[in-house]
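Trainee: I have a model open on my screen and would like to learn how to read it. Could you take me through it feature by feature?

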Amino acid sequence: MMAEVSISDIRKAYGSTEVIHGVDVEIADGEFVVLVGPSGCGKSTLLRMIAGLEGITSGTISIGDRVVNNKPPSERDIAMVFQNYALYPHKTVASNMAFALRMQRMPRAEIETRVREAAEILGLTPYLNRYPRALSGGQRQRVAMGRAIVRNPQVFLFDEPLSNLDAKLRVQMRTEIRELHQRLATTTVYVTHDQIEAMTMADKMVVMQDGHIRQIGSPLEVYDRPANTFVAGFIGSPSMNMFEGVARDGAVMIGDTRVEVATTGLADGQKVTVGLRPEHMRVSDAGLPASIAVIEPTGSETHLALRSGGQEIVAVIREREEFQVGQSLFFSVDPSLVHLFDTESGAAL
């Protein structure tokens, strides 16, 4: 069964307040799509509308070839994994995973086979007779995933499933969810506010802000060619450094510093916003002057918090070098890696 999801001109309003403004997303069969954006951008609302947990004000949502606008969640052939695991504390792992299938009056032998197979995939076989209270957070999240897998849905929906886990476990579960997707090849829509999670997991990223989609693309596309200043500042960690600049003679002036750019067709005197990624900044003999405020060694690299022309910026240095607080340095960036945006609209030039 093909399970592409088509979201067409979807709007959501609470009374006269519109929170999702005419959103369009095409999700191919078997694709892993991540909805990412800051808190309150509308990503969870959009996911809940796909699930049928939230009504649609206008527009259409199709799963496969069926428009599901007025179908209850039970008829949409989706399975959802939430941030809180919502397990029944008085039921064993096996009973938790089997619950939805029992409700559907599925034959017992079929239920047992599905639970056994899902437990095998998720490494839960030794825990099938345990109760949730005897499990770690990561194991509980696996049970919640198992409960979704046994239903063999057309679409998996994940709503910030890893935000209750500690950092190390989050990284491990990210890998597990990706591996799971590669094995099952089920269409997946995943919501997170964590852009590293989005970058590492997605086939396709949908970057949202204030109920609008700001960019859709593969993680590297969005990272390398952000459509506007919002996406540029949101995707990438640490955030992109932004400067006000003016175009002069085919280059850009940031204060008195001339920055060579690969972008052509800039009008002399045109105001631009210049974006420099921290990891693209190199210590050099000339370029943007800055003084070191804070040094943060992470082991694999060193983050320098800098002050440049009254502005706070960050550089990420991969090479081992000795730095001192208060030291003055110059930084340059390869012209092909300089991002330019229209100062008025914020759109990429």
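Mentor: We'll go from the annotation to the sheets, a helix, the cores and then some backbone details. This is a predicted model, so local features need pLDDT of at least 70 and side-chain atom pairs count only at pLDDT 80 or more, while totals for chains, interfaces and linings use all residues. Residues are numbered from 1 along each chain as its sequence is written, and side-chain values use heavy atoms, with hydrogens and water left out.

Trainee: Which domain does UniProt place at residues 5-235?

Mentor: Treat such records with some care: positions are in the numbering used here, feature names are shortened, and annotations may be inferred rather than shown by experiment. Here an unreviewed UniProt entry puts "domain: ABC transporter" at residues 5-235. Over that stretch the chain is 37% helix and 26% strand, with the end C-alpha atoms 25 Å apart. Helices (H or I, at least four residues) and strands (E, at least two) are DSSP runs, numbered from the N terminus.

Trainee: In what order do the strands of the six-stranded sheet come?

Mentor: The general idea first: two strands pair if DSSP finds at least two bridges between them. This open sheet runs 6-7-8-3-9-10, with mixed pairing. Strand 6 and strand 10 (212-217) are its edges, each pairing on one side only. Neighbouring strands are turned by 15° against each other on average, direction ignored. Look at strand 3 (residues 32-36) and strand 9 (residues 204-209), a parallel pair with four bridges; there Leu35 stands opposite Val206.

Trainee: And what lies across this sheet?

Mentor: For angles, axes are lines fitted to C-alpha atoms, for helices over the stretch in contact (heavy atoms within 4.5 Å); the angles run from 0 to 180 degrees between N-to-C directions. Helix 4 (residues 137-149) lies across strand 6 and strand 7 (155-159), at about 175° to strand 6. Helix 5 (residues 167-184) lies across strand 3, strand 7 and strand 8 (187-192), at about 145° to strand 3.

Trainee: Why does the end-to-end span of helix 5 agree with what it should be?

Mentor: The expected span of a helix is 1.5 Å times one less than its number of residues. Helix 5 has 18 residues, so it should span 26 Å, and its end C-alpha atoms are indeed 26 Å apart. Just after helix 5, Ala185 takes a positive phi of about 50°.

Trainee: Which residues of helix 5 are buried?

Mentor: Buried means under 20% relative accessible area, exposed over 50%, and partly exposed in between (1.4 Å probe, protein chains only). In helix 5 the buried ones are Leu169, Met173, Arg174, Ile177, Arg178, Leu180 and His181. Their cover includes strand 3, helix 3 (108-122), helix 4, strand 7, strand 8 and helix 6 (195-201).

Trainee: Which residues touch the most other members of the largest nonpolar core?

Mentor: A nonpolar core is a set of buried Ala, Val, Leu, Ile, Met, Phe, Trp, Tyr and Cys residues joined through side-chain atoms within 4.5 Å. The largest one has 46 residues, and Met97 and Val207 touch the most other members. Apart from it lies another core of 27 residues, among them Ile20, Val25, Met49 and Val191.

Trainee: How many strands form the antiparallel sheet?

Mentor: Five, in an open sheet ordered 13-12-11-14-20. Its edges are strand 13 (257-260) and strand 20 (339-342), each pairing on one side only. The twist averages 40° from one strand to the next. Strand 11 and strand 12 run antiparallel, joined by three bridges, and Ala247 has Val252 as its bridge partner in strand 12.

Trainee: What about strand 12 and strand 13?

Mentor: They form a hairpin with two residues between them, and Gly255 in the turn has a positive phi of about 60°. Four bridges join the two strands in the antiparallel sense, with Ile254 partnered by Thr257. Strand 13 has a covered face, Thr257 and Val259, and an uncovered one, Arg258 and Glu260.

Trainee: Which other backbone details should I look up?

Mentor: Start with Asp249, in the loop between strand 11 and strand 12 (251-254). Asp249 has a positive phi of about 50° although it is not a glycine, and it is exposed, with a relative accessible area of 58%. Ala86 also has a positive phi of about 50° without being a glycine; you'll find Ala86 in the loop between strand 6 (78-81) and helix 2 (93-103). Finally, a cis peptide bond joins Ser237 and Pro238, with omega about -5°. Pro238 sits in the loop between helix 8 (229-234) and strand 11 (241-248).
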